[in-house]
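Work through the exercises below with the sequence and the model at hand, and try each task before reading its solution.

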Amino acid sequence: MLEIGERPWGKYFVLADEPNYKLKRIEVNPGQKLSYQYHHKRQEQWTIIEGDATVVLDGKEINLKYGESIFIPLGSKHRMMNLSDKPVVFIEVQTGTYFGEDDIVRIEDDYDRS
């Protein structure tokens with residue numbers, strides 16, 4: 001494991017961090033959600049590996065279950081939500097020119113992060 005990040009909504013594990021991609025396993029606790037955000041330098045592909053997820057992509061809610069994926073284009077506003085009572089786990093593949101946590105532009109956040 002290259003990095004483990006604890007967050008108010010759950011945690012993430014960096015599985016690979018290469019010059020042309022970053023790979024994470026992300027766990028979202030029941031009833032929690034990530035900030036509504038976008039990125040300037042990366043796009044993402046999310047694949048659900050456990051639980052039932054609700055994704056907001058540019059204002060539209062999309063329900064995903066095990067094995068389903070969604071592409072988050074560069075600059076698109078997005079959020080992962082776990083509206084269930086069981087954990088949601090997904091794999092995130094980031095591609096682009098930069099993968100740092102400081103490329104997160106938060107529009108809305110339940111935990112008052114900027």
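**Exercise 1.** Determine how many bridges join strand S5 to strand S10, and place the pair in its sheet.

*Solution.* Strand S5 (residues 42-50) and strand S10 (residues 88-96) run antiparallel and are joined by 8 bridges, where strands are DSSP runs of E of at least two residues, numbered from the N terminus, and two strands pair if DSSP finds at least two bridges between them. One of the contacts sets Ile 48 opposite Phe 90, its bridge partner in S10. The pair belongs to an open sheet of 6 strands with antiparallel pairing, in the order S1-S2-S3-S10-S5-S8. Its edge strands, S1 (3-7) and S8 (69-72), each pair on one side only.

The model is predicted, so local features need pLDDT of at least 70 and side-chain atom pairs count only at pLDDT 80 or more, whereas totals for chains, interfaces and linings use all residues. Residues are numbered from 1 along each chain as its sequence is written, and side-chain values use heavy atoms, with hydrogens and water left out.

**Exercise 2.** Find which residue meets Lys 24 in a salt bridge (a side-chain nitrogen of Lys or Arg within 4 Å of a carboxyl oxygen of Asp or Glu), and classify both partners by accessibility.

*Solution.* The side chain of Lys 24 meets that of Glu 101 at 2.7 Å, N to O. This pair links distant parts of the chain, 77 residues apart, with Lys 24 in strand S3 (residues 21-28) and Glu 101 in the loop between S10 and strand S11 (105-108). Lys 24 is buried at 4% relative accessible area, while Glu 101 is partly exposed at 28%, given that buried means under 20%, exposed over 50% and partly exposed in between (1.4 Å probe, protein chains only).

Technical notes:
Helices (H or I, at least four residues) and strands (E, at least two) are DSSP runs, numbered from the N terminus.
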